[in-house]
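Colleague: Got a minute to walk me through this model? I'd like to start with the pockets.

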Amino acid sequence: MQLERILQKHGFGSRRECRGLIRRDRVAINGQVCDDPFVELDIEGLIFTVDGVDWPYAEFATLMLNKPAGYECSRKPKHHASVLELLPVPLRERDVQPIGRLDEDTTGLLLITDDGQLNHVLSSAKRKVPKVYLATTKHPLDQAQIDQLLAGVLLADEYEPISAAAAEIVGENLLRLTLTEGKYHQVKRMVAAVSNRVEALHREAVGELTLPPDLKPGEWRWLSAADLQKLGYSK
Ligand code: URA
């Protein structure tokens with residue numbers, strides 16, 4: 001594929017703008033500046049560099065973000081900044097979107113992609129992809145609350161009780177809850193339904209994919225093929 005087209009595909013602007021970047025010596029391949037916009041490159045395993053930043057050739061951009069509190073998952077946020085502002089401009093230009101949503105005050109693992117099929121599959125209620133949350137509660141937890149969460153609680157506007165796939169007390173006020181749905185404010189509403197209250201919420205994992213301990217709040221990372229497998233996804 002032509003270098004100019006590769007840059008365009010990766011969100012670096014129009015073909016003309018990408019050509020300008022290349023002609024101004026801002027692009028390198030294998031550490032060598034390349035000023036020919038029309039050079040044909042093998043995309044397999046290609047890593048190109050723009051202004052010193054490496055970009056792997058990615059047919060689709062799929063990444064994880066350690067979402068900090070104070071960001072909304074919407075593209076058009078109402079009260080806070082959008083999580084997408086934590087990403088570099090070329091990724092935003094690719095029209096990436098969060099897969100499902102976390103509340104503004106929820107922290108932790110958020111997946112983001114421009115792959116519509118992946119987004120659809122992972123958000124689909126039918127797939128029942130487990131999501132693991134750590135909830136700090138206002139009141140101490142007890143076994144009766146855990147039993148209720150596992151047996152199922154009826155939430156307002158729902159016709160059937162919803163049960164947690166797993167629930168365990170990991171501290172006096174710390175609950176680990178695994179859910180296979182993604183209903184609005186689901187953790188907060190379920191915890192409220194057992195007469196407690198969520199004071200802080202963090203997502204630790206989606207499927208088998210856990211938030212890496214070295215990924216700091218606000219940081220993002222590309223998903224590898226192995227990560228996608230942990231989500232139970234292969235094309
Ligand atoms: N459940 C909630 O209540 N909030 C979230 O952000 C995610 C799940």
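**Pockets, cores and domains**

Modeller: Sure. The second largest pocket has a volume of about 320 Å³. A pocket here is an open set of points on a 1 Å grid over the protein atoms alone, where a 1.4 Å probe fits, with protein on both sides within 12 Å along at least five of seven lines. Volume is the space filled by probe spheres set on the points, which are joined across faces, edges and corners.

Colleague: Which residues are closest to the centre of the second largest pocket?

Modeller: Ala58, Phe60, Thr62, Leu223 and Leu228, out of 14 that line the pocket; lining residues have an atom within 4 Å of a point. The lining divides into 9 nonpolar, 2 polar and 3 charged. Ala, Val, Leu, Ile, Met, Phe, Trp, Tyr, Cys and Pro count as nonpolar, Asp, Glu, Lys and Arg as charged, and the others, Gly among them, as polar.

Colleague: Before we go on, what should I know about the model and its numbering?

Modeller: This is a predicted model, where local features need pLDDT of at least 70, side-chain atom pairs count only at pLDDT 80 or more, and totals for chains, interfaces and linings use all residues. Residues are numbered from 1 along each chain as its sequence is written, and side-chain values use heavy atoms, with hydrogens and water left out.

Colleague: Back to Ala58, is it buried or exposed?

Modeller: Buried, with a relative accessible area of 9%; the cut-off is under 20%, using a 1.4 Å probe and protein chains only.

Colleague: And where does Ala58 sit in the chain?

Modeller: In the loop between strand E4 (53–56) and strand E5 (62–67). Strands are DSSP runs of at least two residues, numbered from the N terminus.

Colleague: What does Ala58 touch?

Modeller: Leaving out residues up to four places away in sequence, Ala58 touches His10, Arg94 and Trp222. Touching means heavy atoms within 4.5 Å.

Colleague: New topic: how big is the largest pocket?

Modeller: Its volume is about 880 Å³. Of its 35 lining residues, Gly100, Arg101, Leu102, Asp103 and Gly182 are the closest to the centre. The lining splits into 13 nonpolar, 10 polar and 12 charged.

Colleague: Which domains supply that lining?

Modeller: Domain 2 (62–125 + 208–230) and domain 3 (130–206) each give at least three residues. The bounds come from an automatic or database domain assignment.

Colleague: How far apart are the centres of domain 1 and domain 3?

Modeller: Their C-alpha centres lie 47 Å apart. Domain 1 covers 3–56.

Definitions and conventions. Helices (H or I, at least four residues) and strands (E, at least two) are DSSP runs, numbered from the N terminus. Buried means under 20% relative accessible area, exposed over 50%, partly exposed in between (1.4 Å probe, protein chains only).
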